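Me: I would like to work through a structure by question and answer, with the cut-offs stated as they come up. Please show it first.

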Amino acid sequence: GPGTSYMKLDGLVRAGGRGTRLKIQVEKPLLPFCGRPLVERVIGALKGSRYIDRIFVATSERTRGTEKLMGEMGIATIRTPGKGYVEDLVYAVEKLGLGKVLTIGSDLPLITSADIDWTAEEYERAGKSALTILVPREVLERHGLTPTLLIGNYVPSGVNILDGHDLDGEEAKVITEKVQFAFNVNTLKELALAEGQKEESHARE
């Protein structure tokens with residue numbers, strides 16, 4: 001209601017990867033998903049969240065087309081060295097001087113603003129300097145998705161919150177079975193599965 005003040009986080013979309021396993025020429029963040037580039041869907045989810053303040057997109061040499069699209073959309077970009085997940089993330093956070101920031105891959109097309117809000121609320125509840133959202137491996141397998149990285153029996157969703165002023169701080173791990181966090185699109189088959197999943201959830205609404 002009136003007078004409610006929300007914690008504010010910046011949003012950082014990670015869009016520097018080429019998407020080598022896609023075996024196609026288009027940059028992964030620009031892959032059309034239900035008619036819109038993947039990255040545009042993720043930005044829409046951040047824009048609709050009550051907790052997200054500014055939005056930045058981390059690009060690399062390999063994603064110049066994404067950089068161009070962001071320019072047209074009026075979204076700030078930062079060109080990272082393209083050295084790897086952690087290096088690029090730290091580079092962007094330090095270069096931009098960010099404090100508390102929610103980072104998300106550009107390849108999570110089913111994430112909604114409500115999911116972003118939920119993640120921010122979990123972060124506040126956990127009270128640690130960082131938060132990572134994990135999905136049980138069987139959720140991916142049930143939907144025909146292939147886990148790219150496993151931590152025990154869990155797959156990192158690609159949605160995290162961290163504090164740029166406390167990068168070595170303690171991290172809370174939250175496990176969710178929400179399917180939106182499982183659909184990390186790495187292949188054209190997974191893109192098609194994600195589109196099917198979106199149709200299915202619309203049919204249920």
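Reply: A contact here means heavy atoms within 4.5 Å. This is a predicted model, in which local features need pLDDT of at least 70 and side-chain atom pairs count only at pLDDT 80 or more, while totals for chains, interfaces and linings use all residues. Residues are numbered from 1 along each chain as its sequence is written, and side-chain values use heavy atoms, with hydrogens and water left out.

Me: Among contacts in the chain between residues at least 6 apart in sequence, what percentage joins residues at least 24 apart?
Reply: The count leaves out pairs that are not at least 6 apart in sequence. Of the contacts that remain, the share joining residues at least 24 apart is 72%.

Me: Which radius of gyration does the chain have, set against the globule rule?
Reply: The chain has six helices and nine strands (DSSP runs, H or I of at least four residues for helices and E of at least two for strands, numbered from the N terminus). The globule rule, 2.2 Å times the number of residues to the power 0.38, is compared with a radius taken over C-alpha atoms. For 205 residues the rule gives 17 Å, and the chain's value is close to that, so the chain is as compact as a globular protein of that length, with a radius of gyration of 16 Å.

Me: Where in the chain do the two partners of the salt bridge between Glu 121 and Arg 50 lie, and how many residues apart are they?
Reply: A salt bridge is a side-chain nitrogen of Lys or Arg within 4 Å of a carboxyl oxygen of Asp or Glu, and for Glu 121 and Arg 50 the closest N and O atoms are 3.9 Å apart. The pair links distant parts of the chain, with Glu 121 in helix α4 (residues 113–126) and Arg 50 in the loop between α1 (38–47) and β4 (52–59), so the separation in sequence is 71 residues.

Me: Is Gln 180 buried or exposed?
Reply: Buried means under 20% relative accessible area, exposed over 50%, and partly exposed in between (1.4 Å probe, protein chains only). Gln 180 lies in the loop between β9 and α6 (188–204), and, not counting residues up to four places away in sequence, touches Leu 108, Leu 110, Ile 111 and Asp 115. Because its relative accessibility is 19%, Gln 180 counts as buried.

Me: Which helix holds both Lys 68 and Glu 72?
Reply: The side chains of these two residues, Lys 68 and Glu 72, meet in a salt bridge at 3.1 Å, N to O, and both residues are exposed. They are four residues apart, about one turn of the helix, and the helix in question is α2 (residues 64–73).

Me: Which residue pairs with Glu 170 in a salt bridge?
Reply: Glu 170 is exposed, with a relative accessible area of 54%, whereas its partner, at 32%, counts as partly exposed. The closest N and O atoms of the pair are 4.0 Å apart, and the partner is Lys 128.

Me: What is phi of Cys 34, near which value in degrees?
Reply: Most residues other than glycine have a negative phi. Cys 34 is found in the loop between β2 (32–33) and β3 (36–37), and is partly exposed, with a relative accessible area of 33%. Its phi is positive, in a residue other than glycine, and lies near 50 degrees.
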